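I opened my notebook to look up how the pieces of one protein chain fit together. Come along and check each entry against the picture.

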Amino acid sequence: MKEAYLGIDVGSISTKGVILDENLEILASAYIWTEGNPIGAVKELLALLEKQFAEETYQIVATGTTGSARRLVGAITGATVIKNEITAHAVGTTTFYPKVRTILEIGGQDSKIILVKDGVAVDYAMNTLCAAGTGAFLSSQSQRLGIAVEDMGEIALTAKNPTQIAARCTVFAESDLVHKIQMGHPKEDIIAGLCQAVVANYLNNVGKGKRIEAPVVFQGGVSKNAGVVAAFERALNCKVTVDPNGHLMGAIGAAILAKKSEARKEFDFAVENREFRTREVHCGRCSNNCEIICVYQDDQLLDLWGNRCERGVAAMRQV
């Protein structure tokens with residue numbers, strides 16, 4: 001039976017998963033909304049992947065997780081590798097684009113920039129609390145304009161005179177957007193202006209002080225917006241590459257890391273039918289008063305984290 005590798009990327013907005021073969025070809029993939037329930041989202045994700053996966057031909061021998069809920073998802077899936085988003089995105093991107101120097105990534109609520117030299121990530125930055133340069137901002141404005149967020153990019157490309165919209169933060173941008181609507185600006189110009197505002201906010205916030213060099217690869221859900229891609233190319237004065245699977249790159253990177261690791265553990269899709277629960281416990285055994293997160297399958301403790309010393313581990317093992 002041939003070996004395969006599972007990668008899962010669970011973020012605050014979306015949950016992504018891929019299964020790769022030995023040649024890093026995608027055997028199965030899925031992209032769904034997290035909806036504030038990472039455990040439920042992963043179960044749904046696994047069900048979708050299982051339908052595409054040829055279990056009679058392949059066996060998943062290693063699993064990698066990344067994203068904001070990587071530790072939680074790693075516990076319930078028995079992951080062999082758990083890595084942060086920067087590492088996963090860098091590994092995934094450099095595997096397919098070895099000459100890349102700058103990775104731009106914009107997701108639903110967060111965004112990041114990764115600077116690469118000789119195939120190694122040498123610097124990075126992530127967005128602050130402001131959401132003006134993220135997919136959530138575009139989504140909320142598409143609802144205000146009465147169009148599907150998926151259509152924004154193509155509409156933006158038809159603009160003849162993009163509207164200038166304040167890009168300093170979400171509040172200013174929304175206020176300026178309403179003002180421009182009331183002034184009668186064409187919808188396509190406003191949408192193009194929103195795409196430019198996303199790029200301006202990203203470069204002034206996430207990319208501030210960073211030396212952005214070509215080749216540039218743009219990924220994350222917002223990379224599917226052709227208007228934002230065009231705005232990046234104008235702002236950076238260079239070609240911006242968008243991989244067809246760029247929205248899955250974190251999961252792809254996690255799967256590649258699992259493949260590279262020596263750790264092996266066969267994955268069982270039956271995990272999607274098991275019950276899990278989490279519990280937050282205040283240790284109180286020392287002045288740190290750690291908040292420890294415990295993950296259980298039935299009454300069995302699978303994993304815990306948040307402790308700053310071994311007293312917390314000992315305490316939770318006895319609960």
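Below are my entries on a sheet, the helices around it and one loop residue.

**Entry 1: the sheet.** I kept in mind that this is a predicted model. I began by asking in what order the strands of the open sheet lie. I found 5 strands in the order β8-β7-β6-β9-β10, with mixed pairing. Next I asked why β8 and β10 have one side without a neighbour. Both stand at the edges of the sheet, β8 as residues 120–126 and β10 as 240–242, and each has a single partner strand, so one side stays free of a neighbour in the sheet. I also noted the twist, which averages 25° from one strand to the next. A reminder for myself: strands in a sheet pair through backbone hydrogen bonds, and the pairing can be parallel or antiparallel.

**Entry 2: one hairpin.** I zoomed in on β7, residues 111–117, which pairs with β8 in the antiparallel sense over 6 bridges. I looked for partners across this pair: Lys117 stands opposite Val120, and Ile113 has Ala125 as its bridge partner. The hairpin has 2 residues between its strands, and I saw that Asp118 takes a positive phi near 55° there.

**Entry 3: helices on the sheet.** I then asked which strands α3 touches. Helix α3, residues 85–96, packs on the sheet and touches β6, β7, β8 and β9, with its direction at about 55° to that of β7. Helix α8, residues 226–236, lies across β6, β9 and β10 and runs at about 155° to β10.

**Entry 4: two helices crossing.** Packed helices are described by the angle and the distance between their axes. I looked up both for α3 and α9 (residues 249–260): the axes come within 7 Å and cross at roughly 85°. Angles of 65 to 115 degrees count as roughly perpendicular, and α3 and α9 are therefore roughly perpendicular to each other. I listed some of the residues that meet here, including Val91 and Phe96 in α3 and Ile252 and Leu257 in α9. The residues of this contact divide into 8 nonpolar, 7 polar and 1 charged.

**Entry 5: a loop residue.** Last, I found Asn288 in the loop between β11 (276–282) and β12 (291–297). Is Asn288 buried, exposed or partly exposed? Its relative accessibility is 33%, so Asn288 counts as partly exposed. I also checked Asn288 against Arg308: they are 20 residues apart in sequence and 7.4 Å apart in space, C-alpha to C-alpha.

How values were computed: Residues numbered from 1 in each chain as written. Predicted model: local features only at pLDDT ≥ 70, side-chain atom pairs only at ≥ 80, totals over all residues. Heavy atoms only, no water. Pairing = 2+ DSSP bridges. Helix = DSSP H or I, 4+ residues; strand = E, 2+ residues; numbered from the N terminus. Axes fitted to C-alpha atoms, helices over the stretch in contact; angles between N-to-C directions. Contact = heavy atoms within 4.5 Å. Parallel < 35°, antiparallel > 145°, perpendicular 65-115°, else oblique. Nonpolar A, V, L, I, M, F, W, Y, C, P; charged D, E, K, R; others polar. Buried < 20%, exposed > 50% of the residue type's maximum accessible area, 1.4 Å probe, protein only.
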